[in-house]
Structures are given as structure tokens and as C-alpha cells.
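Visitor: Hello! I am new to reading protein structures, and I would like to take a close look at just one part of this one.

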Amino acid sequence: TTSARSNLDVIGHTRLETVSRNVDYVEPSSNVVTVDLSSAQSFICTASADINHFVLNNAPPGSSEFTLKIDQDSDGNHYAVVDHFQTGAGTSIPVYWPGGVVPGVTTTANRTDIYSFKIFDGADLEGQGIFGVITGQNFLG
């Protein structure tokens, strides 16, 4: 295109053999995990403490997605509230789950849960919310 909207802006069919995505490691600090979408789209979080909520920073203005892998540490028994997201300014972001059922995070030591989230309008997270799905739970890590 002659009027690029991003660093790479293709209008039309695209075929890629492989795609790589950045992975970022995040940890709870004061029971909060910050997810910065300008650094990655895949996040690995070691639950070394309970997680009361997630802060979502730098969502792109359009449609996007991100994946969150939650690993219980060797002690386990750490809960994570995967339906409580906020903006960096502290505004709540609605999280929608299939059937309205919020998943319980596996608390067994050395186990892993993976969740994927879809954003349809990053410029209006508070109004549009994010949509979560369970990619998998209780993996032996």
C-alpha cells in the first residue's frame, strides 16, 4: 500500500511459512501481574504468589490477541483470578468466557494452565472487553 498504517501493511492475500512471536516472562508483584502487549503476545507467568488481577498495558488500537501461560511453582496452591483485568489507569476491563463460566486455575504444584484472549477493539477495552478461552489446563510441567 502507498499509505502504510503500520511498519508492515499488506492489503491482500498473504502466505507465510512460519511466524514467530515474542515471549515475555511476567511474575506477580504485590499480587498483580502486568502484561505489556508492546513487548510480546505470549506471556509465561510463574505463580509464585496469589494473583488478584492482571494489568493490561499498550493494547494496539485494533484487533489483537495474546496468550497467558500460568505455571505453578514447586509449592503450588497459588490462585490466579483470570477474569479480573484492568488498564494501567486502574479501569476494569470486562472478560467474557464461553457460557459465562470463569475457569478455575489449577493450583497443583508444577502444573500449567494456558489461556488465550482475543481483543476486538484495543482502543475501547473498557467498553468492548476481552474474550478468553481455555487453551489447556493441568499440564504436567
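Which residues line the second largest pocket? And could you walk me through the surroundings of that lining, step by step?

Guide: Happy to! Please keep in mind that this is a predicted model. The second largest pocket is lined by Arg 21, Leu 37, Ala 40, Gln 41, Pro 60, Ser 63, Ser 64 and Glu 65. The space inside this pocket comes to about 160 Å³. Sorted by class, its lining has three nonpolar, three polar and two charged residues. Glu 65 and Arg 21 are both on the lining list, and Glu and Arg are among the residue types that count as charged.

Let us pick one lining residue and stay with it for a while. Gln 41 sits in the loop between E2 and strand E3, which covers residues 42–47. Is Gln 41 buried or exposed? The answer falls in between: Gln 41 has a relative accessible area of 23%, so it counts as partly exposed. The cut-off helps here, because buried means under 20% and exposed means over 50%.

Now look at what Gln 41 touches. Leaving out neighbours within four places in sequence, Gln 41 is in contact with Arg 21, Asn 22, Glu 65, Phe 66 and Thr 67. Two of these, Arg 21 and Glu 65, also appear in the lining of the second largest pocket. Try finding Gln 41 and Glu 65 in the picture: they are 24 residues apart along the chain, and their C-alpha atoms are separated by 6.9 Å.

The strands beside this spot help to complete the picture. E3 pairs with E1 in the parallel sense, over four bridges. E3 also pairs with strand E5, residues 64–72, again in the parallel sense, and here there are six bridges. Ser 42 is a good residue to follow across these pairings. Val 23 stands opposite Ser 42 in E3, and the bridge partner of Ser 42 in E5 is Thr 67. You have met Thr 67 already, as one of the contacts of Gln 41.

From here we can step over to the largest pocket, which has a volume of about 340 Å³. Its lining consists of Ser 6, Asn 7, Leu 8, Leu 16, Val 19, Pro 60, Pro 61, Gly 62 and Ser 63. By class, these residues divide into five nonpolar, four polar and no charged. Pro 60 and Ser 63 are named in the linings of both pockets.

One more stop takes us to the loop between strand E1 (23–26) and strand E2 (32–36), where Ser 30 lies. Ser 30 has a phi near 55 degrees, a positive value in a residue other than glycine. At 68% relative accessibility, Ser 30 counts as exposed. Asn 31 is found in the loop between E1 and E2 too, and its phi is near 70 degrees, also positive in a residue other than glycine. At 28% relative accessibility, however, Asn 31 counts as partly exposed.

Asn 31 leads us on to His 53, which touches Asn 31, Val 32, Val 33, His 84 and Gln 86, not counting residues up to four places away in sequence. His 53 belongs to strand E4, residues 53–57. With a relative accessible area of 15%, His 53 is buried. Its side chain makes a polar contact with the side chain of Gln 86, at 3.3 Å.

Methods:
Residues numbered from 1 in each chain as written. Predicted model: local features only at pLDDT ≥ 70, side-chain atom pairs only at ≥ 80, totals over all residues. Heavy atoms only, no water. Helix = DSSP H or I, 4+ residues; strand = E, 2+ residues; numbered from the N terminus. Buried < 20%, exposed > 50% of the residue type's maximum accessible area, 1.4 Å probe, protein only. Contact = heavy atoms within 4.5 Å. 1 Å grid on protein atoms, 1.4 Å probe; cavity = no way out; pocket = protein on both sides within 12 Å on 5 of 7 lines; lining within 4 Å. Points joined across faces, edges and corners; volume = space filled by probe spheres on them. Polar contact = N/O pair within 3.5 Å; in protein donor to acceptor, adjacent residues only side chain to side chain. Pairing = 2+ DSSP bridges.
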